[in-house]
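User: I have a chain open in front of me and would like to learn to read it. Can we go through it in short questions?

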Amino acid sequence: ACNLSCPQKIKAIHLEYIQNGARLIRTNTFAANTMFFDTPKAVAQVVKAGWQIAADAVKEAGREVFIAADIGPVDDPQVLGSEQVLKEYFAICDAFLACGAEIFALETQTEFAYAREVASYLKKQKDVFVSVTFSVDQNGYTRSGVGMEKLIRQAHPKNAPGAFVRLGRSLIINQMYLCSISLPKQRVVLSDRGSNSYTLSVPKDLLKVYKRKIADTFASFGKE
């Protein structure tokens with residue numbers, strides 16, 4: 001474990017990120033679990049060392065930089081069983097909480113159920129910020145076989161207006177970035193209201209349906 005054997009090298013990497021403008025760094029703990037270490041005690045040692053290295057880097061840089069407790073995926077339930085998987089997640093969280101962590105990054109997750117349970121556990125212990133990211137292959141599925149659309153549906157509250165909309169069979173857009181729709185030019189423009197914008201070509205029949213859905217949504221708001 002580099003956190004234990006060569007902490008200065010890890011700190012140097014953190015410092016390089018900070019010196020290049022990073023306002024948040026993640027601990028070098030993505031693989032800190034029993035898939036890679038023999039015992040929970042060894043995992044806790046790596047977690048604590050990873051946190052201390054990041055904290056030392058921030059102190060040395062002398063800048064206001066946030067530290068995220070980085071947690072990668074724990075082995076799937078076919079190997080450990082779902083109860084043991086959650087138990088290990090919670091133990092990792094406890095080790096970070098003992099260090100004073102207030103930001104958690106659950107990375108490259110494969111199941112929404114685990115992410116929800118871990119986030120709920122953390123919130124019960126302390127008022128922390130939890131970020132969750134998932135990894136999907138070129139076909140839109142996680143290593144556990146969960147589809148991207150299912151992940152989005154599970155993450156979004158029931159009965160809430162959807163942030164994502166599907167046009168046709170393969171196009172999913174985030175409506176938060178919707179800038180304009182042009183039927184004559186058959187295109188949708190997405191923008192972050194900054195310097196980035198993207199133009200998508202969409203068949204006219206799909207755009208007509210989409211515009212009708214938008215109009216119906218606003219009409220329903222007016223009746224409330």
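## Reading the chain piece by piece

Analyst: Start with a turn. S7 and S8 form a hairpin with four residues between them. Within that turn, glutamine 186 has a positive phi of about 50°. This is a predicted model.

User: How far is glutamine 186 exposed, in relative accessible area?

Analyst: Glutamine 186 lies in the loop between S7 and S8. Buried would need under 20%, and exposed over 50%. Glutamine 186 falls in between, so it counts as partly exposed, with a relative accessible area of 33%.

User: How many bridges pair S7 with S8?

Analyst: The two strands pair in the antiparallel sense. Leucine 178 stands opposite leucine 190 in S8. The number of bridges between S7 and S8 is four.

User: Which residue of S9 stands opposite leucine 190?

Analyst: S8 also pairs with S9, and these two run antiparallel. Five bridges join them. Opposite leucine 190, in S9, is tyrosine 198.

User: Which strands stand at the edges of the sheet S7-S8-S9?

Analyst: This open sheet has three strands and antiparallel pairing. An edge strand has a single partner strand, so one of its sides is left without a neighbour in the sheet. The twist averages 15° from one strand to the next. The edge strands are S7 and S9.

User: Is S8 largely enclosed or largely open?

Analyst: Look at burial, where the cut-off is under 20% relative accessible area. S8 has five residues, and four of them are buried. With respect to the rest of the structure, S8 is therefore largely enclosed.

User: What is the strand order in the sheet with parallel pairing?

Analyst: This is an open sheet of four strands. S1 and S4 stand at its edges, each with a single partner strand, so one side of each has no neighbour in the sheet. The twist averages 25° from one strand to the next. The order is S1-S2-S3-S4.

User: Which residue of S2 is the bridge partner of leucine 24?

Analyst: S1 and S2 run parallel, joined by three bridges. One pair sets arginine 26 opposite alanine 68 in S2. For leucine 24, the bridge partner is phenylalanine 66.

User: Which residue of S3 stands opposite isoleucine 71?

Analyst: S2 pairs with S3 as well, in the parallel sense. Three bridges connect these two strands. Opposite isoleucine 71 stands leucine 106.

User: How many of the six residues of S2 are buried?

Analyst: S2 is mostly covered. Buried here means under 20% relative accessible area. Of the six residues of S2, the number buried is five.

User: What is the handedness of the β-α-β unit made by S1, H3 and S2?

Analyst: S1 and S2 are parallel strands. Together with H3 they make a β-α-β unit. Its handedness is right-handed.

User: How far apart are the end C-alpha atoms of H3?

Analyst: H3 covers residues 40-61, which makes 22 residues. At 1.5 Å a residue, the helix should span 32 Å. The model agrees, because the distance between the end C-alpha atoms is 32 Å.

User: Which helices and strands do the buried residues of H3 pack against?

Analyst: The buried residues of H3 include Val43, Val46, Trp51 and Ile53. Just after H3 comes glycine 62, with a positive phi near 70°. The packing partners of the buried residues are H1, H2, S1, S2 and H4.

User: What covers the buried residues of H5?

Analyst: H5 has 14 residues and reaches 20 Å, close to the 20 Å expected. Among its buried residues are Phe112, Tyr114 and Leu122. Their cover includes H4, S3, S4 and H6.

User: What is the relative accessibility of threonine 108?

Analyst: Threonine 108 sits in strand S3. Its phi is positive, about 50°, although it is not a glycine. Threonine 108 counts as partly exposed, at a relative accessibility of 27%.

User: Over which residues is the pLDDT below 50?

Analyst: The chain averages a pLDDT of 87, and 90% of the residues score at least 70. One stretch falls below 50, and beyond near neighbours in sequence it has one contact in the model. That stretch is residues 220-224.

Notes:
Residues numbered from 1 in each chain as written. Predicted model: local features only at pLDDT ≥ 70, side-chain atom pairs only at ≥ 80, totals over all residues. Heavy atoms only, no water. Expected span 1.5 Å × (residues − 1). Buried < 20%, exposed > 50% of the residue type's maximum accessible area, 1.4 Å probe, protein only. Contact = heavy atoms within 4.5 Å. Pairing = 2+ DSSP bridges. Right-handed = clockwise from strand over helix to strand, strands pointing away. Axes fitted to C-alpha atoms, helices over the stretch in contact; angles between N-to-C directions. pLDDT = per-residue confidence, 0-100.
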